Amino acid sequence: MRRMPGTGLSVLLFLSLGFAQGGSPPPGSIRGDVFTKGTNGEPAVLPGVRIVLHGPITKKTESDAQGAFAIDSLPPGRYEIEANTPGLSGGLAVEVTPGTSSAVPLEMNVTIVS
């Protein structure tokens, strides 16, 4: 029986460690609720708000009937969230970390018309 030389064993060990570590970090996500303050000061949900995410990548979505939104498969990094609907706008910054979901409340305010 023939023995594997030390160099060959070293190469195999190096390759197995490289495959075990994987490549890129797992994606993260952002989940949130879009709202404004009602006349009584209580939060009022806003459906159909256009949401644009700017950061390492750009993605768009819209809030659902309960004012909720979700953006998945995001590479880690800092993102700016921009939200608009007629007469209202809002925005904030959020840090997405690998393999986690960031929860954000997004308050909309009256847009000043000039």
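This is a short talk through one predicted protein model, from its confidence to its core, its salt bridges and one hairpin.

Okay, hi everyone. Let's start with how far we can trust this thing. The mean pLDDT of the protein chain is 85, and 79% of its residues reach 70 or more. There is a stretch to watch, though: over residues 7–20 the pLDDT drops below 50, and beyond near neighbours in sequence that stretch has two contacts in the model. Where pLDDT is low, the predicted coordinates shouldn't be read in detail. I'll leave that part alone and move on to the strands.

So, the core. Which residues of the largest nonpolar core touch the most other members? That core has 18 residues, and the answer is Ile30, Val34, Ile51, Phe69 and Ile81. As for where the core comes from, E1, E3, E5, E6, E7 and E8 each supply at least two of its residues. If you want to find them on screen, E3 is 50–54, E5 is 68–74, E6 is 77–85 and E7 is 88–96.

Have a look at Phe69 for a moment. Leaving out residues up to four places away in sequence, Phe69 touches a long run of partners, including Ile30, Val34, Ile51, Thr61, Val104 and Leu106.

That last partner is my next stop. Leu106 sits in strand E8, residues 101–107. Is Leu106 buried or exposed? It's buried, with a relative accessible area of 1%. Its contacts, again skipping residues up to four places away, are Asp33, Val34, Phe35, Phe69, Ile81, Ala83, Gly90, Gly91 and Leu92. And here's one distance for you: the C-alpha atoms of Leu106 and Gly67 are 9.7 Å apart, with their positions 39 residues apart along the chain.

Now over to E1, which covers residues 28–37 and holds Ser29. Ser29 counts as buried because its relative accessibility is 8%, and the cut-off for buried is under 20%. What does the Ser29 side chain make a polar contact with? With the side chain of Ser101, at 3.0 Å. Ser101 also turns up among the residues that Ser29 touches, along with Ile71, Asp72, Leu74, Val96, Thr100 and Ser102, if you don't count residues up to four places away.

Asp72 is a nice link to the charged pairs. How many salt bridges does a search of the whole structure find? Two. In one of them, the side chains of Asp72 and Arg31 meet, at 3.0 Å from N to O. Asp72 lies in strand E5 and Arg31 in strand E1, so this pair ties together parts that are 41 residues apart in sequence. Asp72 is partly exposed, with a relative accessible area of 37%, and Arg31 is partly exposed at 37% too.

The other pair is Arg78 with Glu80, where the closest N and O atoms are 3.9 Å apart. Arg78 counts as exposed, at 51% relative accessibility, whereas Glu80 is partly exposed, at 39%.

Last bit: the hairpin. E3 and E4 form a hairpin, with four residues between them. E4 covers residues 59–62, and four bridges join it to E3, the two strands running antiparallel. If you'd like one pair to pick out, Leu53 has Lys59 in E4 as its bridge partner.

And to leave you with one picture: Phe69 is among the core residues that touch the most other members, and Leu106, one of its contacts, is buried in E8. That's me done, thanks.

Methods: Residues are numbered from 1 along each chain as its sequence is written. This is a predicted model: local features need pLDDT of at least 70, side-chain atom pairs count only at pLDDT 80 or more; totals for chains, interfaces and linings use all residues. Side-chain values use heavy atoms; hydrogens and water are left out. Buried means under 20% relative accessible area, exposed over 50%, partly exposed in between (1.4 Å probe, protein chains only). Contact means heavy atoms within 4.5 Å. pLDDT is the predictor's confidence in each residue, from 0 to 100. A polar contact is a pair of N or O atoms within 3.5 Å; within protein, one must be able to donate a hydrogen and the other to accept it, and residues adjacent in sequence count only if both atoms are side-chain atoms. A nonpolar core is a set of buried Ala, Val, Leu, Ile, Met, Phe, Trp, Tyr and Cys residues joined through side-chain atoms within 4.5 Å. A salt bridge is a side-chain nitrogen of Lys or Arg within 4 Å of a carboxyl oxygen of Asp or Glu. Two strands pair if DSSP finds at least two bridges between them.
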